[in-house]
Each structure stands twice: as C-alpha cells, then as structure tokens.
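Biologist: Please take a close look at how one pair of helices meets, and explain each step of the reasoning as you go. After that, please set the pair beside some other parts of the chain, so that I can learn to read the rest for myself.

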Amino acid sequence: MTDIQPLTLITPTAPMSAGVHGGRAKCLQRLIRLEMPVPTTVALSFGAVNGIAHGQMPDMEALMAPFGDQPLLSVRPSSLNPDWGGPSAVLNVGMNDARYAQLCKDIGVTAATAIYMRFVQSYAIHVARLDPDEFYLPDVATVESLHAMLATYEFETDEPFPQQAKVQLGEVLRSMARAWDGTTARLLRQAKGAPVDAGLGLVVQRMALGVGQGDCGTGVIEFVDANSGLPKIVGRYVNQSQGRERIQDVAGAIYLTRDDRGPSFEEQCPEAFAELIEYGALIRRKLREEMQIKFTMESGVLHILDGIRVQRSSRATVRIAVALANDGIIPREEAVMRVEPAALSELLHRQVDPKAKRDLIVRGIAASPGAASGRIVLTAAEAQASAARGEPCVLVRRETTPEDIRGMHAAQAVLTMRGGVTSHAAVIGRGLGLPCVVGAFDLTIDRKKSEISGPDGRKFAVGDVITVDGTTGQVLAGAPAMLEAALDGAFQTLLEWADEFRDIGVRANADTPADAQAAQNFAAEGIGLCRTEHMFFDGDRLGVMREMIFAESSDDRRAVLERLLPMQRDDFISLFTIMAGKSVCVRLFDPPLHEFLPSDKAGLRDLAEQLALPLSDVTDRVHALSEYNPMLGMRGVRLGIAIPEIYDMQAQAIFEAMVAVGEAGVAISAEIMIPLVSAMREVELVKARVDAVANTVLSKSKSALDYRLGVMVETPRAALRAEDIAEHASFLSFGTNDLTQMTYGLSRDDAGRFMSAYVQQGVYAEDPFHTLDVEGVGELVAMGAERGRKGRKDVTLSICGEHAGSRTAIAFCREHKFDYVSCSPFRVPVARLTAAQLALAARVNNKTDT
C-alpha cells in the first residue's frame, strides 16, 4: 500500500486501511464505492490523532479545504473495533452567529435556534469540559435561551463562544484525541479486549442537517431484528420538516409522536424508503454483514451518513451468521468463525433479562452458567420435598457433598459459601446444566434460624425467593424477568458445520441417564468420563452402600454388594442404550468412603437405627474411617486394591450390561478407567481382576465383550511414569482437576478464598482451576503424553477434567495430538465450536506460512 497521509479525503480510490484509519472510515469508503450518497468526508489516521493528543495539530487549512466556505461539520470516532468505544461525536461544528442568522432565514428561527443550542451544549460539555447542569436544553428553543446559554459559556470560560469554524474544529479534535488517550478511557477499552496501544482515527464529515423546506429529517434503519436475528425492517425517523419535530416509525405504524400523529416514513417518502431497502440489500451482499444505516433527508434528498454493524444478541449472532452463509454471502468457515463460543453457552441456558432490575444480595464465583429462581432451602431433603410439591427451589449450602446430589437434582439452582470452579457443586452443576454460584464467602447461613444473610445485613428466610445467576456470579433477591434458552435450527446448523472442520473429538462427562441423554442431544461422540460413585447416592442405594462400609469381612462386603449389582447393571444398561454405537468410558469408584457417612449427630443416630448397631459403635467406626487429608488418602485405585470387592462388582455390572444391550442389538464399546493411579503395579493388579471378571461373564454368556482398560492420570507421578503405565493401559485420560490440585499443592475447594488476590497481583495469570496452566500442569500433561506413546504407540490420549471444554485446553490438546476432550454435557456445543475455530485458524496460519 502507498504511504498513508495523516489527512485523507475519502474517495473510492483513496489509500485507506481499517488498521490505520479505523473501521468507521473504511466502512464509509466502502459505502462511497457502492455509489451511495455519502457527504464529503475526511479521515484522520491513528498517527494524526495521536499527534493531536500530544500537541501536534494537522494542517487545518488542508483539512477544511474539501468542505468549502462556512461549512457545518460532524466529527466522529473511528477505532479499529467499534466495540472499544470512543469519545462522543460532536455535530454542527462551524455553527456561529453568522451561520445562525442565515439558517433563521432558510429553515426558521425555532429550528435554527435548536441547532445552535445543541452545538453550544455539546461544545461546552465535551470540549470545554464545563458543568453539564449549566447547559441544559429547554423544551422549546428560543432566542432568549440561546443568548443565555452563550452568556453562561462566556461567564464560565472568561471568553466568548468561538466563532471561527477552524478554531472550533481544532478544539474538537484536540478534545477527542486527549479523551481517547486518558487513563480512564484506556482502562475501559482494555476491559473490552482492546490492546494497550489501540489507536483512534477521526472522521470529519459535512453535515447533512436534515432540516429545511420539503421532506427533512434524520433516521436509522436496520433490516434484521437485533434480538431474534430474523429479517425485519426496524428503525425510526425524526421528521423535522418545516422546523417541527415528530418521531416516526421507519416502516409501518407510527413509532411515537410528540405533537401530532402522521404517516410513517415509508408512506411519507416512498422513493427514499425504496432506496434504503436497496442500499440495505447491497450492503449486506457487498459488505457481508447486517448493518444499521444512519441517514438524513434534506429537502427531499437522501444522504447516507454512516453504516454500523448491528448490535445483536447471542441468538441473533448465530442466526445471522448462518443466514449469511446459507445465502452464499459468506462461506461456512467464516460463519463458524464469526460466533463467539460464549454466545452458544448463553443460548443453552435461561438468562436474566438484561433489561431487568437486579437487586444484588451477594456476589460469588460464576461456576455454572444460566439463571434460575426459587425458594430458599438449606438441605437436600428440603429440596426434594419442595420439588415434590412442585415448588422451584434454590439449594443453599456452605458446601455440597456427594450426599447432596439428590437435592441438587431437585433444585433449580445451587448456591454455596465455599468452593471454587472445580468444587463439587461447580462440577455437578455444570454436568446437570444447573445454574450455580460458589465461593460466596460474604454470605452467612444460620441453620438454627433457617435464614441467610447478605453482607449488607439483609436477611432472607427459608421459603423466600432468590435468583442465582451462574453466568455473572450474582445472587439476586426476588425473581427478575428471564430470557429462555434458544436451541433453534440455526444453532444446530452452525454446530453441524463446526463438526465438518474440527480435528479433535469431543465427548461428554456423564454420570446418569439424564446426563447421557443431554450428551446425546448435544451430539457428543461418546462419554469420556462416567463417575460411578454418583450412582450410589440415589434412592435406597446410599443405605446399602453404608451397610457395605460397615461390613466386617470380604464375604460380608460381597453379600451387600450383590444387592447393589443389579442397580449398577441397570444404570449401565441405560447409559449404553442411550449412547448406542458410541464409546462409554466408566471410571471405577473413586471417592473416600467417609463421603458416604453422616457427620452430624442426627445423621449418626439415623445410621445406628438403620444398621441396628449401638450409636457408640457407629460413631467409633465413622471416626476410624476419617482421614486428615481424605483427598490424598484411601480413595481411587487405593480403595480398589484394599477393598477389591467394589471394583469386582462394578466390572461385573459393566460386562453384564454389555451382554444385555448386545442381545438387544445395541453396539457399544466400553472403556474402564482406573482412577488416581501412581504406579504401574496398581494397574496390573486391577487389570488382572477386571479381566478375570470379564472371562467369567464371557464364559456364561458366550458374547463378545468389546472393552478396553485405561488409566486416569491425575497424579504427577502417573504423568512421570506414563511410559510404564501405558504398557498395561489402552488409554490415558488426564484428569486435570486433581492434577492441578496436586501440582500446585492447592485445595480446589478452598483456593477461592485467596485466588482473586493472587490473580490481581500477578502471582498467577489466571485461576489454574478455571484455565489450564499450560506452563506448569501442561508440561506434566505433555510429558505424560510423550512418555505414554513410548510405552504404547497406539495409546489413546484425552483430557477429561473441567478444563477440557475451554479454548486453552482444546488448543493444547490439538497441539499435542490428543484424540479427544471430554467436558460437561452443556459445554459440548461450546467445545465443538471452539475446536472448529482452532482448526480453521490453524489452516489459515499454515497457508500464510507456506
């Protein structure tokens, strides 16, 4: 490109670049190239505006030359991305006493006075930085009020209002350049994703006033509904003919009137309306986007002032991208790239209406997206009772345990005082698609009084209605208006296109038939993690599980587990049937046994009664099972080796379920995953028992069993010894939740107390439980993957922790040639789109490199 000048008259062939002049300037050039009636416009480059901010003014004579004598001008910001914001536009620059006198003759005193007063007000507030309260506009502009405003300006500045257009324009440019360069503006745009050195361009344009004789006015028009994304002509037009102001709908019925009713713009100016329709179709086809057109009518002549990308909801973003691709305007690849994955997440869940008033009680960590309202309950039993009555409820706990799963299933949302993004409540909430806020440390729960208190002292009793917004982390009083989830045809089409381009598999973490059905609905390629322990908390199973824990001998344990076997088998039959033709990875029992036992006195008494044992014996047994650090104690494979009957029962249930669904004509590939492995010998021991159970089932059924055995790599040692472990494992699935916890030496349930301070002070770039630590944990994962391949060339590699659905983790897995990621069912669509976008971006980069 030729050298770009600081000042550029926008013509069809002028050297222009959005990266130098900003998006608005480049868009105006495109409109001019399409032969639209755009008023004369000059663009100032980023460099020119930066120079103005530092005292280097451009050649003002050259800037004003294209506009002729006594021009009226507008100045608007032109940043690279309009979402970054910018200083307010200033209109009618050049308005002075002489031009006012002429306008009084041309368009009338009232209209001319209103124009002059609006300019004085804008100049005083945005350029001279005077008190806005001193420059309010009266309902009716009069000569007296204009003189009073000019006198106020002179009193506040000790100088008369400037009369030279060149002086006014210079001060406007200086003010806007300095506003962009200010600390507050810089921080605001950085919060919106702008780089530190983001530049600002300015466009100076001849004013098309939209006042005068004949049809005059200003308006905006859009050709798509910004909320739904469906084709629709919307907008408004301010009719200023004969100096009278009336707001009308652009098309159809009158939008609003101030003094009298009249026809719509379509009826009043049919030729101009038809022109706008043609321009809208042309812009959509040539600029490949849905745009808002700003226009004026000046004595019956149409002027196009600007074209701006229509601000749209997430629902509309998806529908517009798909419609543009279906109409052949953009390729499918571009449609996939245009939708932010976070937009899909919003569509999957109900959200608080952005227009609704928010009565904030407390703020916590946004752990599972979506929003729901319900009555406060403090226990899982209360949640189940509330659900049985048909009353929506919100389960509020200090922290949830596996025993609370039944209550979580019954609740509309969950709120906890403790925990982080990988705490029990967060993980289960995301799996269920349940709105969840955790780590609300400023909340107080008083079980005795059956109430909760916010940090401001407000109290809410059990039964009061609150709203949990898991998207923002806010807990609100009452039930604000909601926007419903929107999984329409455009949503499905976009994801089908995404599947054409992605090059890594996406599975779901699913523990129940309901989870599996959600995974199937979102087109997951299988189940990458089924946490079987969650099955033991449903219905009467918890009581049977407790009996097994209190059993004294191996034979007694087997006897109790025989009662659990058909329950487990039915669970797996349901999962396998739902996921017909796909792989299901079942993780064997993982948690420490104490999680299945009560800790309060009432619970201990109930357990003693259930087991027909003295309370003292039950209490002693519970204490004996307690551990100082249970997450590093007897859990996972350690429990499976110490009490092998549990894994034997689960393996038998898996294999018998495979036989049952096979006889029903359902093909299934089962994967059995051993949790918390740290040594090769652990895998050998479990594998021998699992294979023995498989042989027993096989000898009875004579059916083929398509299963593989693998390991969940969630300890640093397992990653380091992956070469040895892979010799006995068909797959390695990295559980990054525990691996992060053990690598950092952090409790994922307690780290939320100080994590924000660590991130703010730069100790960690991000919460490592929220975003995969590629440098630290990632190095262990990469090392484990490399060593695992040395031990077994065809080993399958995946990540199944809560990081798996994030962009960082998917990019990491693609880089290291993993086979798939596995995330919560409601994150599957986001992961599918993210994976496709990464693959497409890599394709572009590869072309650039070659």
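Modeller: Let us begin with a rule about angles: two helices whose axes make an angle under 35 degrees count as roughly parallel, while an angle of 65 to 115 degrees counts as roughly perpendicular. Please keep in mind throughout that this is a predicted model.

Now take helix H6, which covers residues 109-127, and helix H7, which covers residues 143-157; their axes come within 9 Å and cross at roughly 20°. Since that angle falls under 35 degrees, H6 and H7 are therefore roughly parallel to each other. The crossing has a handedness as well, and where H6 passes H7 it is left-handed. On the side of H6, the residues that make the contact are Val 109, Thr 113, Tyr 116, Met 117, Val 120, Gln 121, Tyr 123 and Ala 124, and from H7 they are met by Val 143, Ser 145, Leu 146, Met 149, Leu 150 and Tyr 153. If you sort these residues of the H6 and H7 contact by class, you find 11 nonpolar and 3 polar residues, and no charged ones.

A second pair of helices can be read by the same steps. Helix H8 runs over residues 165-181 and helix H9 over residues 183-191, and their axes come within 5 Å while crossing at roughly 60°. An angle of this kind is neither under 35 nor over 145 degrees, and it does not fall in the range of 65 to 115 either, so H8 and H9 are oblique to each other. Here the contact is made by Ala 179, Trp 180 and Asp 181 of H8 together with Thr 183, Ala 185, Arg 186 and Arg 189 of H9. By class, this contact of H8 with H9 has 3 nonpolar residues, 1 polar residue and 3 charged residues.

Charged residues lead us on to the salt bridges. Side chains of opposite charge can pair when their charged atoms come close. In this structure there are 42 salt bridges, and it is worth following a few of them with care.

In helix H26, residues 680-701, Lys 687 pairs with Asp 691, and the closest N and O atoms of the two are 3.0 Å apart. Both partners lie within H26, 4 residues apart, which is about one turn of the helix. Lys 687 is partly exposed, its relative accessible area being 28%.

Helix H21, residues 554-578, offers a comparable case: Arg 558 and Asp 555 are 3 residues apart in this helix and so are separated by about one helical turn. Their salt bridge has its closest N and O atoms 3.5 Å apart. Asp 555 counts as exposed, at 56% relative accessibility, whereas Arg 558, at 38%, is partly exposed.

H21 also takes part in a salt bridge that reaches another helix, for Arg 557 pairs with Glu 645, and the closest N and O atoms are 3.3 Å apart. Because Glu 645 belongs to helix H25 (residues 645-663) and Arg 557 to H21, this pair ties together parts that are 88 residues apart in sequence. Both partners lie under the 20% cut-off for buried residues: Glu 645 has a relative accessible area of 5%, and Arg 557 counts as buried at 15%.

Salt bridges can also be joined into a network, and here one links Arg 288, Glu 289, Arg 309, Arg 312, Glu 334 and Arg 338.

A loop residue deserves a look too. Thr 512 sits in the loop between strand S24 (505-509) and helix H19 (513-521), and at 12% relative accessibility it counts as buried. Leaving aside residues up to four places away in sequence, Thr 512 touches His 409 and Leu 575.

Towards the other end of our tour is helix H32, residues 807-815, whose buried residues are Ala 809, Ile 810, Phe 812, Cys 813 and Arg 814. Just after H32, Lys 817 takes a positive phi of about 60°.

Finally, step back to the whole chain, which comes to 33 helices and 31 strands. Its C-alpha trace spans about 105 × 65 × 50 Å along the principal axes, and 55% of its 850 residues are buried. Among contacts with a separation of 6 or more, 67% are between residues 24 or more positions apart.

Definitions and conventions. Residues are numbered from 1 along each chain as its sequence is written. This is a predicted model: local features need pLDDT of at least 70, side-chain atom pairs count only at pLDDT 80 or more; totals for chains, interfaces and linings use all residues. Side-chain values use heavy atoms; hydrogens and water are left out. Axes are lines fitted to C-alpha atoms, for helices over the stretch in contact, and angles run from 0 to 180 degrees between N-to-C directions. Helices (H or I, at least four residues) and strands (E, at least two) are DSSP runs, numbered from the N terminus. A crossing is left-handed if the near helix is turned anticlockwise from the far one by less than a right angle, and right-handed if clockwise. Contact means heavy atoms within 4.5 Å. Ala, Val, Leu, Ile, Met, Phe, Trp, Tyr, Cys and Pro count as nonpolar, Asp, Glu, Lys and Arg as charged, and the others, Gly among them, as polar. A salt bridge is a side-chain nitrogen of Lys or Arg within 4 Å of a carboxyl oxygen of Asp or Glu. Buried means under 20% relative accessible area, exposed over 50%, partly exposed in between (1.4 Å probe, protein chains only).
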